[in-house]
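Subject: Structure for you to look over

Hello,

I am passing on the structure we spoke about, with my notes underneath. Please look it over before you read on.

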Amino acid sequence: MQTYRRRMLAKRNILNDLLHPSVKKLAKDTEIHRADNVRIMQENVSLIKEINDLRKELKIARTQVHDLEAAMGLHRKNNTGEAAATLAGVATQTKNAMLEKDLEECNKVIDLQKVKIAQLTDQMTILEEGVFSRPPSVGRLPPMVST
């Protein structure tokens, strides 16, 4: 009976030794999974907050547009078209600041490139004059005498 008991205890110890690394790995994986879930939940919270802020901004912008349209008289029943004409005039006369800035930058780049082209053209002219102004070679050079 005691041999049987010893064998069973030995088998139990072997199985525990085999099971221990798996339990450790499971605990580690569970902790990693939990940390990932916490991180994802925090990202979701921040994204939801950002979405709500954007919704508030959109609502405010729509309210401002509506108020401006009401001030211009676009929502009146007896609108004669003057407000629509005024709105169209404002839309065509108002220049987009970003487009103006981009156009300004492009013009600066074009001016700089024109200056560089002029400099390179002058340089090329000078080099061409130097090539053609050199006197032609006359005859052969005297032989080299080795002493």
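pLDDT is the predictor's confidence in each residue, on a scale from 0 to 100. It matters here, as this is a predicted model. Across the chain the mean pLDDT is 84, with 79% of the residues at 70 or more. Confidence is highest in helix H1, where the mean is 92, and lowest in helix H2 (residues 82-93), where the mean is 64. Please keep that in mind when you look at H2.

Overall make-up

The chain has 147 residues, of which 1% count as buried. There are three helices and zero strands, so read from the N terminus the order of elements is simply α-α-α. The exposed area of the chain comes to about 14600 Å², and 62% of that area is supplied by carbon and sulfur atoms.

Helix H1

Helix H1 covers residues 2-72. That makes 71 residues, and the distance from the first C-alpha to the last is 102 Å. At 1.5 Å a residue one would expect 105 Å, so the span found is close to the expected one.

Where does H1 bend? The bend is at Leu19, by about 30 degrees, and a proline, Pro21, follows within four residues. After the end of H1 comes Gly73, which has a positive phi, near 90 degrees.

Salt bridges

How many salt bridges does the structure hold? There are three. I take them in order along the chain.

Lys25 and Asp29 are joined through their side chains, with 3.6 Å from N to O. The two are four residues apart in helix H1, which means that about one helical turn separates them. Lys25 is exposed, with a relative accessible area of 53%, whereas Asp29, at 36%, is partly exposed.

Glu31 and Arg34 form another salt bridge, and their closest N and O atoms are 2.7 Å apart. Both residues lie in H1, three residues apart, which is again about one turn of the helix. Arg34 is partly exposed at 45% relative accessibility, and Glu31 is partly exposed at 42%.

Arg39 and Glu43 make up the remaining pair, at 3.1 Å from N to O. These two are four residues apart in H1, or about one helical turn. Arg39 has a relative accessibility of 39% and counts as partly exposed; Glu43, at 40%, is partly exposed too.

Why do such spacings suit a contact between side chains? An α-helix has 3.6 residues a turn, so residues three or four places apart point the same way.

Surface patch

Which residues make the nonpolar surface patch? Met1, Tyr4 and Met8 make it, and its area is about 410 Å². Tyr4 belongs to helix H1. With a relative accessible area of 52%, Tyr4 counts as exposed, because the cut-off for exposed is over 50%.

In short

To sum up, the chain is made of three helices without strands, and 1% of its residues count as buried. H1 carries the highest confidence and has a bend at Leu19. The pairs Lys25 and Asp29, Glu31 and Arg34, and Arg39 and Glu43 each sit about one turn apart in H1.

Regards

Conventions
Residues are numbered from 1 along each chain as its sequence is written. This is a predicted model: local features need pLDDT of at least 70, side-chain atom pairs count only at pLDDT 80 or more; totals for chains, interfaces and linings use all residues. Side-chain values use heavy atoms; hydrogens and water are left out. Patches are made of residues with over 30% relative accessible area and no salt bridge: like charges are joined within 9 Å, nonpolar side chains (Val, Leu, Ile, Met, Phe, Trp, Tyr) within 5 Å. Accessible areas come from the Shrake-Rupley method with a 1.4 Å probe; for residues, only the protein chains shown count as cover. A salt bridge is a side-chain nitrogen of Lys or Arg within 4 Å of a carboxyl oxygen of Asp or Glu. Buried means under 20% relative accessible area, exposed over 50%, partly exposed in between (1.4 Å probe, protein chains only). The bend at a residue is the angle between axes fitted to the seven residues ending there and the seven starting there.
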